[in-house]
There are 2 protein chains.
Amino acid sequence: MVKNHELIKFGLRVRELRLLKGLSQEDLADLADLHRTYIGGIERGERNVAFLNIVRLAKALEIPLSDLMKGVD
Amino acid sequence: MVKNHELIKFGLRVRELRLLKGLSQEDLADLADLHRTYIGGIERGERNVAFLNIVRLAKALEIPLSDLMKGVD
DNA sequence: ATGAGTCTACAGCCTATGAGTAGCAATTCC
DNA sequence: GGAATTGCTACTCATAGGCTGTAGACTCAT
């Protein structure tokens, strides 16, 4: 398992934005066309997400990529 | 080969920032502890870079992640 | 002009790991 | 106590990571 500090921060950022929109992990998964448990893994900082999936998340959360990264670094 | 539109934009962004600092691909590769040809592949939009390598690039380029993503989406 | 040095593009390759899923336990909230 | 949500383990398959080697463009000195 990965468990890197930056990944954890990114995961928390995703969770924060998801809850802000009142979505469940499954809701977000559907919107981003990703799997429920995969979203869970991201939020826990256990997944080293590749760029194109980060883009999917940003689109699903309806925010620019740069905003998604805000607060991560 | 990948060749996705978002990846191309990201690659161009990396190139733009690299040249702004007057670095060669090899210079950036050394700074980010990545391989020379890998950097080339990223700039050509042929690599679906994972999060932790995006972080490395941002640090090597001495800019926040959010700035690196700026202009990509 | 030619040879050396620098920089980049690109094809190909192997292995390490990301992507995606299933199943069940734990938790939270009616 | 039932339903919805999330945590977590484990697994396969696809692909990202990292590298080698070759070739072309360009600069500059000899």
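Start where chain A meets chain B. In this predicted model, eight residue pairs make polar contact between chain A and chain B, both partners at pLDDT 80 or more.

Now colour the helices of chain A. Which elements give two or more residues to the side of chain A that touches chain B? They are helix H1 (5-20), helix H4 (51-60) and helix H5 (65-69) of chain A. Select H4(A) next. H4(A) provides the largest share of that side, five residues.

Check the chemistry of the side of chain A that touches chain B. By class, that side has 13 nonpolar, three polar and four charged residues.

Next, look for charges that pair up. How many salt bridges does the rule find across the interface of chain A and chain B? The rule finds two. Select Glu6(A) and Lys59(B) to see a salt bridge. Their closest N and O atoms are 3.5 Å apart.

Show both sides of the contact. Chain A brings 20 residues, and chain B brings 20 residues. The area buried between the two chains is about 1,800 Å². Carbon and sulfur atoms give 72% of that area. On the chain A side, select Phe51(A), Leu52(A) and Asp73(A). These residues lose the most area to chain B, together 34% of what that side buries.

Now move to DNA strand D. There are 20 residues around this strand. Which of them come nearest? Pick Arg15(A), Arg18(A) and Gln25(A) from chain A, then Tyr38(B) and Arg47(B) from chain B. Look at the DNA atoms too. Of the atoms of DNA strand D that come within 4 Å of the protein, sugar and phosphate account for 58%.

Zoom in on the phosphate oxygens, one stop at a time:

- Gln25(A): a backbone N or O atom lies 2.5 Å from a phosphate oxygen of DNA strand D.
- Asn48(B): here a polar side-chain atom lies 3.2 Å from a phosphate oxygen of the strand.
- Ala50(B): a polar backbone atom is 2.9 Å from a phosphate oxygen of the strand.

Zoom out and colour the helices again. H1 and helix H3 (36-43) of chain A, with helix H3 (36-43) of chain B, each supply at least two residues of the surface near DNA strand D. Which helix gives the most to that surface? Select H3(B), which gives three residues.

Finish by colouring the surface near DNA strand D by class. What do you find there? The surface has six nonpolar, seven polar and seven charged residues.

Conventions: Residues are numbered from 1 along each chain as its sequence is written. Chains are lettered from A and ligands numbered from 1 in the order in which they are written. This is a predicted model: local features need pLDDT of at least 70, side-chain atom pairs count only at pLDDT 80 or more; totals for chains, interfaces and linings use all residues. Side-chain values use heavy atoms; hydrogens and water are left out. Contact means heavy atoms within 4.5 Å. Buried area is the accessible area (1.4 Å probe) that two parts lose on being put together, summed over both. A salt bridge is a side-chain nitrogen of Lys or Arg within 4 Å of a carboxyl oxygen of Asp or Glu. A polar contact is a pair of N or O atoms within 3.5 Å; within protein, one must be able to donate a hydrogen and the other to accept it, and residues adjacent in sequence count only if both atoms are side-chain atoms. Helices (H or I, at least four residues) and strands (E, at least two) are DSSP runs, numbered from the N terminus. Ala, Val, Leu, Ile, Met, Phe, Trp, Tyr, Cys and Pro count as nonpolar, Asp, Glu, Lys and Arg as charged, and the others, Gly among them, as polar. A residue is near a molecule or strand if one of its heavy atoms lies within 4 Å of it.
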